[in-house]
Amino acid sequence: MGAAISIFVLMSVSIFVVRIAAVAMRLTGLDDASARFQALSAFSGTGFTTRESEMIFNYPVRRRITSVLMIIGNLGLVGVFATLVASIVQTEGDVNAVVTQLGWLLAGIALLWFLMLNKTADRVMCSLISRLLNATTQLGRRSYHRVLQIGDGLSVCE
């Protein structure tokens, strides 16, 4: 049961990290759907080459967020697999122990799945994360220099 709890905790932390990164990217000006998709993409290591990924590459804060997500995502994946292998080895071939581990793991995954898809839980979590990031970082504040940039190398100037 300990391994199932460890995997559940690792998955919970992973989901929470992706949510924090998505909110942080949203505070830099990305729309919510793009921020969530790009955060999940960076965390899972699947680099989609789209205009949205170019928007991340061209913005230094978003690049830093994405870099951290890539590193944490790889560590989380390794941690889950290592815990899974260790839990199977610890059972020493006892079928009941393996089934119990898998049962607890599936119950935890079902709970996480429900929380991920629950709009109210998501709205509350993102609101709390947003308030925390606004209070502790400069992400939500935009410089007027950045606002005046038009794109394609053009900008409004004095």
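The legends below describe close-up views of a predicted model of one protein chain.

**View 1. The whole chain, with seven helices and two strands.** Read along the sequence, the elements follow the pattern α-α-α-α-α-α-α-β-β. The protein chain has 158 residues, and 29% of them count as buried. Among contacts with a separation of 6 or more, 68% join residues 24 or more positions apart. The mean pLDDT of the chain is 79, and 84% of its residues reach 70 or more. Confidence is highest in helix 2, at a mean of 87, and lowest in helix 7 (residues 144–147), at a mean of 52. Where pLDDT is low, the predicted coordinates should not be read in detail.

**View 2. Helix 6 (residues 119–136) and its two sides.** Helix 6 has 18 residues, which at 1.5 Å a residue should span 26 Å; its end C-alpha atoms are 26 Å apart, so the two values agree. The buried residues of helix 6 are D122, C126, I129, S130 and L133. Seen down the helix axis, these buried residues fall within an arc of 105°, so they line one face of helix 6. An α-helix has 3.6 residues a turn, so residues three or four places apart point the same way. The face turned away from the buried side carries the exposed residues R131, L132 and A135. The buried residues of helix 6 pack against helix 1 (2–27) and helix 2 (32–44). At the N-terminal end, N118 acts as a cap: one of its side-chain oxygens lies 3.0 Å from the backbone nitrogen of T120.

**View 3. R19, a buried residue of helix 1.** R19 has a relative accessible area of 12%, under the 20% limit, and therefore counts as buried. Leaving aside neighbours within four places in sequence, R19 is in contact with R36, M116, D122, M125, C126 and I129. Of these, D122, C126 and I129 are buried residues of helix 6. The side chain of R19 also reaches the backbone oxygen of M116, at 3.5 Å. R19 and A39 are 20 residues apart in sequence, and their C-alpha atoms are 7.9 Å apart in space.

**View 4. F16, a partly exposed residue of helix 1.** F16 has a relative accessible area of 40%, which lies between the limits of 20% and 50%, so F16 is classed as partly exposed. Not counting residues up to four places away in sequence, F16 touches M125 and I129. F16 and C126 are 110 residues apart along the chain, yet their C-alpha atoms are separated by 9.8 Å.

**View 5. Helix 2 and the elements that cover it.** Helix 2 has 13 residues and reaches 18 Å from its first C-alpha to its last, close to the 18 Å expected at 1.5 Å a residue. Its buried residues are S34, A35, Q38, A39, S41, A42 and F43. What covers them includes helix 1, helix 3 (51–57) and helix 4. Q38 has a relative accessible area of 5%, under the 20% limit, and is therefore buried. Q38 touches M25, T50, E52, S53 and I56, not counting residues up to four places away in sequence. Just after helix 2, G45 takes a positive phi of about 85°.

**View 6. The largest nonpolar core, with 20 residues.** The residues that touch the most other members of this core are V23, M25, A39, I65, L69 and L133. Helix 1, helix 2, helix 4 and helix 6 each give two or more residues to the core. Helix 1 gives the most, with eight residues. L69 is in contact with V17, V18, A21, M25, A39, A42 and F43, leaving aside its neighbours within four places in sequence. Among these contacts of L69, A39, A42 and F43 are buried residues of helix 2.

**View 7. Helix 5 (residues 95–117) and its packing.** Helix 5 has 23 residues, and its first and last C-alpha atoms are 33 Å apart, close to the 33 Å expected at 1.5 Å a residue. The buried residues of helix 5 are Q101, L105, G108 and L112. These buried residues pack against helix 1 and helix 4 (60–90).

Note on methods
Residues are numbered from 1 along each chain as its sequence is written. This is a predicted model: local features need pLDDT of at least 70, side-chain atom pairs count only at pLDDT 80 or more; totals for chains, interfaces and linings use all residues. Side-chain values use heavy atoms; hydrogens and water are left out. Helices (H or I, at least four residues) and strands (E, at least two) are DSSP runs, numbered from the N terminus. The expected span of a helix is 1.5 Å times one less than its number of residues. Buried means under 20% relative accessible area, exposed over 50%, partly exposed in between (1.4 Å probe, protein chains only). The arc is that of the directions from the helix axis to the C-beta atoms. Contact means heavy atoms within 4.5 Å. A polar contact is a pair of N or O atoms within 3.5 Å; within protein, one must be able to donate a hydrogen and the other to accept it, and residues adjacent in sequence count only if both atoms are side-chain atoms. A nonpolar core is a set of buried Ala, Val, Leu, Ile, Met, Phe, Trp, Tyr and Cys residues joined through side-chain atoms within 4.5 Å. pLDDT is the predictor's confidence in each residue, from 0 to 100.
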